[in-house]
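Q: Please take a close look at the aromatic rings in this structure. I am new to it and would like one connected account.

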Amino acid sequence: MLPLLLLLLASSGDGQAQRVIGQKKNDACACKVNSTVWSFPTVKYEAVLQHVESCEVSLNNLQEQVQLSNQRLPQIQALIKNVTARLEPYQYLHDQGLYSALSLHLLGQELSQLETDIGDIHSQLNNVQTQKLSKEVGKLRTDVGRKEMTNTINVKTVKEKLRYLKNSAESCKSIPKDFRGHHRYCLKGLMTNISDPVVTKISPYGKNYISGSWGQQAQMNSEGQKNSYWVQPLLSSHIWGNSLRVYQTYEDFMASANHKDFTVAASYTHANAIEGPSAVLYGEALYYHCYRSADVCRYDLNSNTVKRVTLPGTGVGFNNKFPYCYYNCRDNSDVDVEADETGLWAIYATVGNHGNLVVSQLLWDEEALTLNVSQTWETRLFKKAVSNAFMVCGVLYATRYVDEHREEVFYAFDTATGKEDNSLVLPLQKVAKGVASLSYNPTNRQIYVYNDGYLLAYQAHF
């Protein structure tokens, strides 16, 4: 009997072919095969079936949830619409931070600092005005305490009262005990009139450079640059500059002759570069807004060194956040450095004061060689609603656009009293449409305007 080898290709357990030995009988091949390897996988089938049933249950549950969600979705949408409509009248309060327990807590902290400051002032001066301030801040403290204990929060009223008290405290500090009114024409009150231009000249850099600053040296009783005139153009995109041109006499300035150029920074993008039409030559130093920062820089014409100070306030505007606007915005005019009889000033806006004008007095310490901020006042005038601003006798004046040939001084804020006046109507004639910078000079009581490449000067009358 000849054994035969048969290869049975079947689906065995391990998935391999089986080798079976058979015998030839009666012209036929007979072999024994273990059929258990082809038995039906009942256990596996039952496991798979169980998984299928489990998935079916899960799918049924998910379908029920979807149906329920579809039923509830219109109800939820209606509820959201209802709540939104009810909250809409209060959205302004939320956006402005006027209805917030946190805002009230922060105001309480600010009030505590103010109480300390007024207490120090009262201990030094102890006069009727400081006594009045002490009573007012005490009353405000009581009001804030009462609001914290109740659910009635009107932060706007508290902020306005706090602003008034802070300005009053600053005004108290600014009045020396031996004050006699050294600048008598300041005692006449606000400006009453502005003349027609007494100087009209095209910038020595040409009319194509529409932004910059110019004027006469502004420090009273200065020796080094007593009668000098200067021009500071913004040569890069009408926004940035790094040069200053100085003329020693008025005649040289008018003839564009015998000038001296200074380079205040290595490039237009240097940290000490000039940003915006903000500069003023005060004594033997140029003060201006530093490149892309909340700082004011001081460039010394003799040593070629730069000192700087950061302006106070929450969210000081720079890099075109709060420029002068009204009709057309003057790019990057966020920080404006000015001079008057009382010294140097920085005019700007902050997020903390809702974009309204803020005035800080600057002080150069000759011994320590540091630039400092001595006092700060907050106004209620929105900076972007103003075309320009300047200081005279400690009073902030603001202008607005009238037409292509006229500006108008319409607003005044007195740092000595904290009082505002928005009823002024003082016309200012101009040659071109845009005003890049507008500065007052206490040495001759003239106002200098950089008018789209034209240099104009006016006489101020009191």
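A: The account below starts with ring pairs, then turns to charges over rings and to a patch on the surface.

This is a predicted model. Ten aromatic pairs are found in the structure. One of them joins tryptophan 345 and tryptophan 377, whose ring centres are 5.7 Å apart. The planes of these two rings make an angle of 45 degrees, and the pair counts as tilted. Tryptophan 345 belongs to strand 17 (residues 343–349) and tryptophan 377 to strand 19 (residues 370–382), so the pair ties together parts that are 32 residues apart in sequence. Tryptophan 345 has 2% relative accessibility and is therefore buried, as buried means under 20%. Tryptophan 377, at 0% relative accessibility, also counts as buried.

Aromatic residues also gather in a group: one cluster is formed by Trp214, Tyr229, Tyr247, Tyr250, Phe253 and Tyr448. A member of this cluster, phenylalanine 253, has lysine 201 over the face of its ring, at 5.6 Å from the ring centre. Another charge over a ring involves tryptophan 364: the charged end of arginine 298 sits 3.8 Å from the centre of that ring.

The last part is on the surface, where Leu59, Leu62 and Val66 make up a nonpolar patch. Together these residues have about 280 Å² of accessible area. Valine 66 is part of helix 1, which covers residues 42–87. With 41% relative accessibility, valine 66 counts as partly exposed, whereas tryptophan 345 counts as buried.

Terms used: Residues are numbered from 1 along each chain as its sequence is written. This is a predicted model: local features need pLDDT of at least 70, side-chain atom pairs count only at pLDDT 80 or more; totals for chains, interfaces and linings use all residues. Side-chain values use heavy atoms; hydrogens and water are left out. Rings of Phe, Tyr and Trp (its six-membered ring) pair if their centres lie within 6.5 Å; planes under 30 degrees apart count as stacked, over 60 as edge-to-face and the rest as tilted. Helices (H or I, at least four residues) and strands (E, at least two) are DSSP runs, numbered from the N terminus. Buried means under 20% relative accessible area, exposed over 50%, partly exposed in between (1.4 Å probe, protein chains only). A charge sits over a ring if NZ of Lys or CZ of Arg is within 6 Å of the ring centre and within 35 degrees of the ring normal. Patches are made of residues with over 30% relative accessible area and no salt bridge: like charges are joined within 9 Å, nonpolar side chains (Val, Leu, Ile, Met, Phe, Trp, Tyr) within 5 Å. Accessible areas come from the Shrake-Rupley method with a 1.4 Å probe; for residues, only the protein chains shown count as cover. A salt bridge is a side-chain nitrogen of Lys or Arg within 4 Å of a carboxyl oxygen of Asp or Glu.
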